[in-house]
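Trainee: Please pick one helix packing in this model and go through it closely. Add a short note on any enclosed space.

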Amino acid sequence: MKTMEELGRRAKGAAAVLAAAGSREKDRGLLAIAAALRKHTPEILAANALDTARALEAGMSRALLDRLSLDEKRIQGIAAAVEEIVSLPDPVGRMDGGSVRPNGLSITRVRVPLGVVGIIYEARPNVTVDAAALCLKSGNACILRGGKEAIETNLALAGIMGRALTEAGLPGDAVQLVEDTSRESANRMMKANGLLDVLIPRGGGGLIQAVVEQSTVPVIQTGVGNCHVFVDSPCDLEMGVRIIENAKCSRPSVCNAAETLLVHREVAETFLPLAKAALDRHKVQLRGCPETRRILGESVLPASEEDYAAEFGDYILAVRVVDSLEEAIDHIRRYSTGHSEAIVTSDYGHSRLFTQQVDAAAVYVNASTRFTDGGEFGLGAEIGISTQKLHTRGPMGLGELTTIKYIVLGSGQIR
């Protein structure tokens, strides 16, 4: 089992090679990875079966089990996603402006790779491939540390990708997997200054908060999604039902799923029973305020402060009836993680106020929060959704995995 120092040393060597690689070379590596994933599908499925069997024995929730589980169709989708990255423009070497100074110096801003990107994530084996492919296209090496629940699958995927890169003439060390899934290995990554250029945590709120608080390596905070849908008065109630059903139920384990439903008091008596009927089809557990429970009955559990602050990642939804748009905005300000927030309204003035006063990476009017995604935004594949404001915010694609280098051309100028 390689130490963090050895993983870092190997990754830095690979990063130097990738930084000088052209788009054709990197795309050749990506196509080799996609082909290898398809070729070795039986090997991947066998490893995933070991992980899912252990997860079932451990009582993993059905939402998290869905994230962990792979089948042939999902592997085909993962391989296709790698091929889609090939079609995206390479950000490395792109000029981001420049000028010629009065003294004749020519100064240009050029996009360059970050270097070695560390990623800590949980039981999502698709992230292993997505992250590696995005890092490769943007000229970065990566060190991946997945959760123990997916270790067999991740070992298979990392091995397949490394061999594919070597066969394509690129360094297999560009994709490194931390095989030790103990907490200590995560701690070592957080302190790997000089080996990692940036650390990106992807997972639940507890994981992300631990990395943000403990890491001495620069961190890009992603993914914590306590997302809200506010059903305003006036609004199209049927639209509101469709939006909250999609935002909560289409895939409850992801970070852009809704966790809290806020409903204006003027429409609550009519809207809440309609919403409950739709959510009941998915067996969503509701946790509501006293007014919600008065309208819907005792099948709704009492909501606590912790419920309104929670990212459930499951078929659970907190509900609150509010008296006004302003009260809804105040609630969101208090509990939001700054990911994605939505209003369903027929009032243009209300929509304007909501978009102006709600501070989040994505703010929606009459649409589901589930659209916060690089592909859905037309930006291509993403490595995560940044919920902070430095160095990027929102879907993080290839461009966000690069930084700026100033190239200064002179003819003997001195200062």
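Mentor: Helices α2 and α7 cross in a right-handed way (the near helix is turned clockwise from the far one by less than a right angle; anticlockwise would be left-handed). This is a predicted model, where local features need pLDDT of at least 70 and side-chain atom pairs pLDDT 80 or more, while totals for chains, interfaces and linings use all residues. Residues are numbered from 1 along each chain as its sequence is written, and side-chain values use heavy atoms, without hydrogens or water.

Helix α2 covers residues 23-39 and helix α7 residues 151-167 (helices are DSSP runs of H or I, at least four residues, numbered from the N terminus). Their axes come within 8 Å and cross at roughly 135° (lines fitted to C-alpha atoms over the stretch in contact, with angles from 0 to 180 degrees between N-to-C directions). That is why α2 counts as oblique to α7 (under 35 degrees is roughly parallel, over 145 roughly antiparallel, 65 to 115 roughly perpendicular, the rest oblique).

On α2 the contact is made by G29, A32, I33, A36 and L37, and on α7 by L157, I160, M161, A164 and L165 (contact means heavy atoms within 4.5 Å). By class, these residues are nine nonpolar, one polar and no charged (Ala, Val, Leu, Ile, Met, Phe, Trp, Tyr, Cys and Pro are nonpolar; Asp, Glu, Lys and Arg charged; the others, Gly among them, polar).

As for enclosed space, helix α11, residues 265-280, supplies four residues to the lining of the largest cavity (on a 1 Å grid over the protein atoms alone, points where a 1.4 Å probe fits but cannot get out; lining residues have an atom within 4 Å of a point). That lining has seven nonpolar, no polar and one charged residues.

Conventions:
Helix = DSSP H or I, 4+ residues; strand = E, 2+ residues; numbered from the N terminus.
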